[in-house]
Amino acid sequence: MDSVANGREAISHIESKRYDVILCDYNLGEGRDGQHVLEEIRARKLIGVSSIFVMITAENTRLMVMGAVEYEPDSYLTKPFTKDLLAQRIERLLNKKADLLEIEQAIDRREYELANDLLDRRIAENPRNLNEFVKIKADLALKAGAYDQAEAIYSGVLSQREIAWARVGIGKSYYCNKRYQEAKQVFQGLIDGNERFMAAYDWLARTHQAMDEPEEAQKVLETATAHSAKAIVRQRALGELALRNHDEKVAERAFSQAIRLGKHSIYKHPSIYANLARAKAVTASGDAALMVLRDLKKAYKGDTEAKLYSSMTEATIQEDMNNGARARQCMIEAHELYKELGTQAAPELALDMARTCNRMGETERASELLHQAVKNNHSDELFLKAVGETMGDLGLSEDPGAMIAGIKKEIVRLNNRGVELAKLGKLDEAMLLFEEAVAGMPGNKVVNLNAARIFMLHMNESGIDTDLLAKVREYLERVRQMDSEDRTLHKMQSMLKQLLRNSANPEKRENG
């Protein structure tokens with residue numbers, strides 16, 4: 001048994017060692033509190049479904065309780081409590097989760113087919129904790145993009161009895177299948193049944209946004225933050241929506257809360273400061289906005305992304321303050337920093353840069369950034385919607401939808417052509433095609449993964465080539481930085497390991 005004094009030490013221990021049971025006090029003194037610890041280990045996947053996290057507190061205020069339970073501890077105990085009560089609670093949780101260990105290990109290794117086989121076996125046995133296995137199976141289907149399968153599983157559960165997680169799941173399935181009206185009804189119904197069901201608010205707001213109803217989405221998040229004010233992710237989402245709706249007062253409150261909450265949170269982000277500065281420039285003054293940017297620089301010393309956010313935001317603020325020379329200097333810095341980030345730049349940064357360029361009169365550059373954003377993210381429908389909205393807001397396209405559809409069609413054609421060439425055994429042509437595609441779309445996950453696959457197929461036939469191997473690693477590393485959970489990425493990583501094993505043991509390859 002290990003004991004630590006604060007949240008920082010707790011995270012350090014959990015990083016280096018697997019724990020079956022974690023007892024965490026909510027109040028941990030200076031720095032991270034129990035909620036910060038829980039949200040970080042969940043976000044970083046430092047504990048799995050078989051681990052037990054019990055939140056302990058002497059407080060029972062609604063604000064604290066709602067904040068703590070949002071990240072779903074396995075149990076919650078209010079002081080004082082007896083040793084017997086704690087022992088009974090832990091024993092019950094251990095018995096409940098013992099069956100999940102093998103499945104969790106398969107998921108942690110990204111062996112999803114094995115995990116599904118194990119789940120099917122356990123579900124067929126009809127154990128007492130059947131719903132635990134069914135929920136994991138449905139959630140895996142949802143994450144894999146098998147939305148119809150996930151919906152069928154959730155529906156099967158609901159046909160037996162009403163369970164909140166299954167109702168949320170079916171709403172998510174509707175949302176992912178773009179059945180937004182049905183999704184909205186599900187999430188609204190959950191809230192009507194329990195006004196403190198926070199996950200339903202988040203999904204309802206997301207659904208309103210998908211339906212081009214940003215004002216309704218903002219109202220939903222305002223209600224949610226009134227019930228549970230300690231969720232930084234929700235405060236940030238509310239602020240961004242309010243900015244889009246030109247409601248700078250609400251945006252200022254939300255971003256201020258997010259900064260206060262995020263001091264020790266894994267979800268803190270430089271864009272929160274930048275957006276607060278934008279709101280302050282309207283609600284207060286340019287000088288007040290510049291003070292926020294000074295706080296941003298202090299909070300993220302040496303961070304390239306933070307410097308970019310600061311430079312972009314300051315450029316427009318200085319322009320509005322009639323400080324043209326300083327505004328242009330900030331814009332030059334922003335361009336250099338954006339180039340420095342390269343493929344590591346988050347997709348949303350392209351939208352912010354485009355808005356800033358357009359505001360500074362660089363309309364051609366703004367259009368280029370948005371076109372490139374489509375090329376790099378052609379399979380991300382939600383992001384493409386944001387690109388289209390940005391183009392429309394900035395007046396950069398009369399028909400953003402048609403422009404985006406045209407780029408998507410061309411990329412799909414290119415990918416299909418490359419795959420077809422590979423099937424025909426024309427690997428040299430396929431490699432050339434994808435190498436050119438990666439050069440033009442360095443931030444496109446699909447193109448990078450397809451290029452890596454074709455290059456590995458070539459080396460599987462012709463032997464290891466150090467230059468090609470370096471490119472494969474570069475492409476896979478790009479995707480890892482963009483989305484470390486991408487399932488195709490893990491398949492390509494396994495393919496690379498197998499390729500290297502075969503090259504080290506050619507006899508096994510020939511016999512295999």
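Okay, let me start with one spot and work outwards. Ala373 touches Ala350, Phe383 and Val387, if you skip residues up to four places away in sequence. Before I go on, remember that this is a predicted model. Ala373 lies in helix 20, residues 363–376. Is Ala373 buried or exposed? With a relative accessible area of 4%, Ala373 is buried, because the cut-off for that is under 20%. And if you want a sense of distance here, the C-alpha atoms of Ala373 and Arg487 are separated by 22 Å, with the two residues 114 apart along the chain.

Next, the sheet. You'll find three strands in it, in the order 1-2-3, and the sheet is open, with parallel pairing. So which strands stand at the edges? Those are strand 1, residues 21–25, and strand 3, residues 75–78. Each has a single partner strand, so one side of each is left without a neighbour in the sheet. On average, and ignoring direction, neighbouring strands of this sheet are turned by 20° against each other.

Let me go through the pairings. Strand 1 is joined to strand 2 by five bridges, and the two run parallel. Look at Ile22, for example: standing opposite, in strand 2, is Phe53. On the other side, strand 2, which covers residues 52–57, is joined to strand 3 by four bridges, again running parallel. If you want to click through that second pairing, Val54 stands opposite Ser75 in strand 3. Then Met55 has Tyr76 as its bridge partner, and Thr57 has Thr78.

How many residues of strand 2 are buried? Six of the six, so strand 2 is largely enclosed by the rest of the structure. Both of its faces are covered: one side has Ile52, Val54 and Ile56, the other has Phe53, Met55 and Thr57, and all of these are buried.

Strand 3 reads another way. A bit of background for that: in a regular strand, side chains alternate between the two faces of the sheet. In strand 3, Ser75 and Leu77 point to one face and are buried. Tyr76 and Thr78 point to the other face, and those two are not buried.

Now for the helix that goes with this sheet. Strand 1, helix 2 and strand 2 make a right-handed β-α-β unit. Helix 2, residues 34–43, packs on the sheet and touches strand 1 and strand 2. Its direction makes about 165° with that of strand 2. Helix 2 is mostly covered, too, with eight of its ten residues buried. Which ones are buried? Gly34, Gln35, His36, Val37, Leu38, Glu39, Glu40 and Ile41. Have a look at both ends as well. At the start of helix 2, a side-chain oxygen of Asp33 comes to within 3.0 Å of the backbone nitrogen of Gln35. After the helix comes Lys45, with a positive phi, near 55°.

That brings me to Asp25, which sits in strand 1. UniProt, in an unreviewed entry, lists Asp25 for "modified residue: 4-aspartylphosphate". So what does the model show around Asp25? Asp25 is partly exposed, at a relative accessible area of 23%. Leaving out residues up to four places away in sequence, Asp25 touches Gly34, Met55, Ile56, Thr57 and Lys79. You've already met several of those: Gly34 is one of the buried residues of helix 2, and Met55, Ile56 and Thr57 are among the buried residues of strand 2. There's also a polar atom of the Asp25 side chain lying 3.1 Å from the backbone nitrogen of Asn27.

One last stop, Gln318. You'll find Gln318 in helix 17, residues 304–320. Gln318 counts as buried, at 7% relative accessibility. Which side chain does the Gln318 side chain make a polar contact with? It's the side chain of Asn323, at 2.8 Å. Leaving aside neighbours within four places in sequence, Gln318 is in contact with Leu290, Asn323, Arg326 and Ala327.

That's my tour. If you open the model afterwards, I'd begin with Asp25 in strand 1, then step across to strand 2 and its buried residues on both faces. Happy to take questions.

Methods: Residues are numbered from 1 along each chain as its sequence is written. This is a predicted model: local features need pLDDT of at least 70, side-chain atom pairs count only at pLDDT 80 or more; totals for chains, interfaces and linings use all residues. Side-chain values use heavy atoms; hydrogens and water are left out. Buried means under 20% relative accessible area, exposed over 50%, partly exposed in between (1.4 Å probe, protein chains only). A polar contact is a pair of N or O atoms within 3.5 Å; within protein, one must be able to donate a hydrogen and the other to accept it, and residues adjacent in sequence count only if both atoms are side-chain atoms. Contact means heavy atoms within 4.5 Å. Two strands pair if DSSP finds at least two bridges between them. Axes are lines fitted to C-alpha atoms, for helices over the stretch in contact, and angles run from 0 to 180 degrees between N-to-C directions. UniProt positions are given in the numbering used here, feature names are shortened, and annotations may be inferred rather than shown by experiment. A crossover is right-handed if, with the strands pointing away from the viewer, the path from the first strand over the helix to the second runs clockwise.
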